[in-house]
Number of protein chains: 2
Amino acid sequence: MLTKKSKYGLKALLMLAEEPDRRPVLIADLADRQRLPRKFLEAILLELKRRGILQSKKGKGGGYFLGRDPAHVTLGEVIRVLDGPLALIPCVSQTAYMKCEECLDEQTCGIRLAMKDVRDATARILDNTSLVALNTQVARARRRARSSRRSS
Amino acid sequence: MLTKKSKYGLKALLMLAEEPDRRPVLIADLADRQRLPRKFLEAILLELKRRGILQSKKGKGGGYFLGRDPAHVTLGEVIRVLDGPLALIPCVSQTAYMKCEECLDEQTCGIRLAMKDVRDATARILDNTSLVALNTQVARARRRARSSRRSS
DNA sequence: TTTAAACTCTATATAGTTTATAGGCTAAAT
DNA sequence: ATTTAGCCTATAAACTATATAGAGTTTAAA
């Protein structure tokens, strides 16, 4: 499962990626605009800051803003920071490999073979989708939604 | 994450799929062969039986055996039974759709767009891999492992 | 230089899920 | 009858997810 932590974090990042000139935005603003729990979001943004994805400015006129070009921040990176590895099972994780305790022979474990395929497919999608790319898709979906409403 | 429940269940099913003539196999046997916790496995097999994937025979000479042709039991089906929906987020699940509480417009939610792609890719793999197919892959991997050991 | 705005950090709480274990009950075979 | 083996219910420890509270610190601006 994608946790709410990742979901909230991604929603905030997608908003920040649309902010002109990477202007600082208040936590409270981000929370209100998408109805996210304020205090929880606070902790999430802090974590993203520690990982360099976000930066912040304290005091009046402060807020959070992206630490890097949003075209180079991928969903995969964000989800790994907030939720941990993409792999459904630790023995196929590229970033946090761990051996299964009970597994007798990892090289020929069927479950591992299948889960490796799933991990690769997932990573291919998430590591190739940036915040900018996703916002573009959203904009396109919005236009489609509007025009189909018009024609109905 | 794939839970241990699904992992154990799949391991048991893969063993049963190799049993000639679908002969009944003891829970204890299945548990011992792959070092799975016996009582936990018991509960898992029972659940698979309720869903028709397994059948059982009580009393002396009893045990569990497959309820259907293992070529028609897919990983996707088993995982859905034991772990629930494949989708990483309920709003893109085909089998257990649920609206997100805080989402303002589902039709144009970026996270949903991306998670839909991931779900589809995952389902494409898991719903098209049967127990038989996976065991075949495992056998092939074993041959490869053996022959590369020989040549080294 | 004071004040208010805003992020930072630590502690705590609650609920739900996962991963089991124990033990008695029931059905079947011999 | 007796033994074997699955069936069922209850229980529980450990972990994770989802927050909230409140004091502390930094900064901009009046």
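Let's start with helix α4 of chain A, which covers residues 75–83. Which of its residues are buried? They are Leu75(A), Gly76(A), Val78(A), Ile79(A), Arg80(A) and Leu82(A). After α4(A) comes Gly84(A), and its phi is positive, near 95°. Please keep in mind that this is a predicted model.

Now let's step back to chain A as a whole. Chain A has 6 helices and 2 strands, and along the sequence they follow the pattern α-α-α-β-β-α-α-α. The radius of gyration of chain A is 19 Å, whereas the globule rule gives 15 Å for 152 residues, so chain A is more spread out than a compact globule. If you draw a box around its C-alpha atoms along the principal axes, the box is roughly 60 × 50 × 25 Å. Of the 152 residues of chain A, 32% count as buried. What about contacts along the chain? Taking contacts in chain A between residues at least 6 apart in sequence, 61% join residues at least 24 apart.

Next, the two protein chains together. How does chain A relate to chain B? A rotation of 180°, with 0.0 Å of shift along its axis, superposes chain A on chain B with an RMSD of 0.0 Å. This is the relation of a two-fold axis. Both copies use the same surface, since 100% of the contact residues of chain A recur in chain B.

How many residues does each chain bring to the contact? Chain A gives 35 residues and chain B gives 35 residues. On the side of chain A that touches chain B, α1 (4–18), α5 (110–126) and α6 (131–150) each supply at least two residues. The largest share comes from α5(A), with 11 residues. By class, that side of chain A divides into 21 nonpolar, 8 polar and 6 charged residues.

That brings me to a residue I'd like you to find on the screen: Met115(B). Its place is in helix α5 of chain B, residues 110–126. Is Met115(B) buried or exposed? A residue counts as buried from 20 other C-beta atoms within 10 Å; Met115(B) has 24 of them, so it is buried. Beyond its neighbours within four places in sequence, Met115(B) is in contact with Ala87(B), Leu88(B), Ile89(B) and Val92(B), and also with Leu2(A). In the other copy, Met115(A) is in contact with Ala87(A), Leu88(A), Ile89(A), Val92(A) and Leu2(B), again leaving aside neighbours within four places. The largest nonpolar core has 76 residues, and Met115(A) and Met115(B) touch the most other members of it. For a sense of distance, Met115(B) and Glu77(B) are 38 residues apart in sequence, and their C-alpha atoms are 20 Å apart in space.

For contrast, please look at Arg140(B), in helix α6 of chain B, residues 131–150. Arg140(B) has 12 other C-beta atoms within 10 Å and is therefore exposed. Ser56(B) is 84 residues away from Arg140(B) along the chain, and 30 Å separates their C-alpha atoms.

Here is a small backbone detail. The loop between α1 and α2 (27–34) of chain B holds Asp21(B), and Arg22(B) has its place in the loop between α1 and α2 of chain B too. Asp21(B) is not a glycine, yet its phi is positive, about 60°. Arg22(B) is not a glycine either, and its phi is positive at about 50°. Asp21(B) counts as exposed because it has 5 C-beta neighbours inside 10 Å, while Arg22(B), with 16 such neighbours, counts as partly exposed.

Last topic: the DNA. Which residues come nearest to DNA strand C? Of the 24 residues around it, they are Gly63(A), Thr3(B), Pro37(B), Lys39(B) and Gly59(B). The surface near strand C takes at least two residues from each of α3 (38–50) and β2 (63–66) of chain A, and from each of α1 (4–18) and α3 (38–50) of chain B. By class, this surface has 7 nonpolar, 8 polar and 9 charged residues.

Around DNA strand D there are 23 residues, and Thr3(A), Pro37(A), Lys39(A), Phe40(A) and Gly59(A) come nearest. Here α1 and α3 of chain A, together with α3 and β2 (63–66) of chain B, give two or more residues to the surface. The surface near strand D has 7 nonpolar, 7 polar and 9 charged residues. Thanks for listening!

Definitions and conventions: Residues numbered from 1 in each chain as written. Chains lettered and ligands numbered in written order. Predicted model: local features only at pLDDT ≥ 70, side-chain atom pairs only at ≥ 80, totals over all residues. Near = placed C-beta within 6 Å. Helix = DSSP H or I, 4+ residues; strand = E, 2+ residues; numbered from the N terminus. Nonpolar A, V, L, I, M, F, W, Y, C, P; charged D, E, K, R; others polar. Least-squares fit on C-alpha atoms with pLDDT ≥ 70 in both. Contact = placed C-beta atoms within 7 Å. Core = buried A, V, L, I, M, F, W, Y, C linked by C-beta atoms within 7 Å. Rg over C-alpha atoms; globule rule 2.2 N^0.38 Å.
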